[in-house]
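Trainee: I would like to go through this model by question and answer. Where do we begin?

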Amino acid sequence: MPGSDELYPPAQYGWGWMLLAIGILALLVLGAWLLIVLTRPRRALATADEATGPQLLTVDVLSQLRTEYLERIAMIETDYRERKLTARNANLELSRVVRTFVNEYSGLEAPVLALDDLRARGVHPALIDALGRHYYPSIFRQGPAIDPIAGAEAARTVVRTWH
């Protein structure tokens with residue numbers, strides 16, 4: 001009857017719904033825990049040999065970097081002398097090697113910066129000189145390229161004097 005004053009008990013839910021809600025909460029907590037664990041920085045685990053052995057000093061790493069790039073410059077020069085590279089391609093490779101060295105040594109994004117951008121940043125004059133006198137004219141100008149042997153020497157100067 002519509003006008004009845006009887007009270008009805010509240011609707012009862014089955015246990016399956018409660019288990020589903022608890023399972024969803026458990027998955028959310030697990031997901032948050034995994035996110036925190038997998039994205040935090042890793043701690044360096046030192047072995048006994050590393051803890052007692054000599055550590056490479058920054059000077060040693062920079063010296064090795066210089067040696068590696070001086071060898072690359074020598075290889076480009078050799079390839080040019082053996083006619084494996086044209087003068088234009090040798091200067092292009094020298095430019096790429098010098099810019100990559102500057103990037104690895106100091107973090108300056110030299111490979112993607114134009115000469116004017118490098119000038120504006122006040123970089124070492126040896127790099128500006130090498131790019132402006134040897135590499136840019138050889139790569140971008142019409143006519144014969146500048147001698148890559150002089151470009152290789154300019155590249156060596158950049159690698160040896162970069163701070």
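Trainee: Are helix 6 and helix 7 roughly parallel or antiparallel to each other?

Mentor: This is a predicted model, so local features need pLDDT of at least 70 and side-chain atom pairs pLDDT 80 or more, while totals for chains, interfaces and linings use all residues. Residues are numbered from 1 along each chain as its sequence is written, and side-chain values use heavy atoms, without hydrogens and water. The axes of helix 6 (residues 125-140) and helix 7 (residues 148-161) cross at roughly 170°; axes are lines fitted to C-alpha atoms over the stretch in contact, with angles from 0 to 180 degrees between N-to-C directions. Angles under 35 degrees count as roughly parallel, over 145 as roughly antiparallel, 65 to 115 as roughly perpendicular and the rest as oblique, so helix 6 and helix 7 are roughly antiparallel.

Trainee: How many charged residues are in the contact of helix 6 with helix 7?

Mentor: Contact means heavy atoms within 4.5 Å. Helix 6 brings A126, L127, A130, H134 and Y135, and helix 7 brings A150, G151, A154, A155, T157, V158 and T161. Ala, Val, Leu, Ile, Met, Phe, Trp, Tyr, Cys and Pro count as nonpolar, Asp, Glu, Lys and Arg as charged, and the others, Gly among them, as polar. The split is 8 nonpolar, 4 polar and, for charged, none.

Trainee: Are helix 4 and helix 7 roughly parallel or antiparallel to each other?

Mentor: Their axes come within 9 Å and cross at roughly 5°. Among the residues in contact are L94, F101 and V102 of helix 4 and A155 and V158 of helix 7. By the angle, helix 4 and helix 7 are therefore roughly parallel.

Trainee: Which element gives the largest share of the largest nonpolar core?

Mentor: Such a core is a set of buried Ala, Val, Leu, Ile, Met, Phe, Trp, Tyr and Cys residues joined through side-chain atoms within 4.5 Å. Buried means under 20% relative accessible area, exposed over 50%, partly exposed in between, with a 1.4 Å probe and protein chains only. The largest core has 31 residues, with F101, V102 and W162 among those with the most contacts inside it. The largest share, 8 residues, comes from helix 4.

Trainee: How many helices and strands does the protein have?

Mentor: Both are DSSP runs, numbered from the N terminus: helices are H or I, at least four residues, and strands are E, at least two. Along the sequence the pattern is α-α-α-α-α-α-α. The count is 7 helices and 0 strands.
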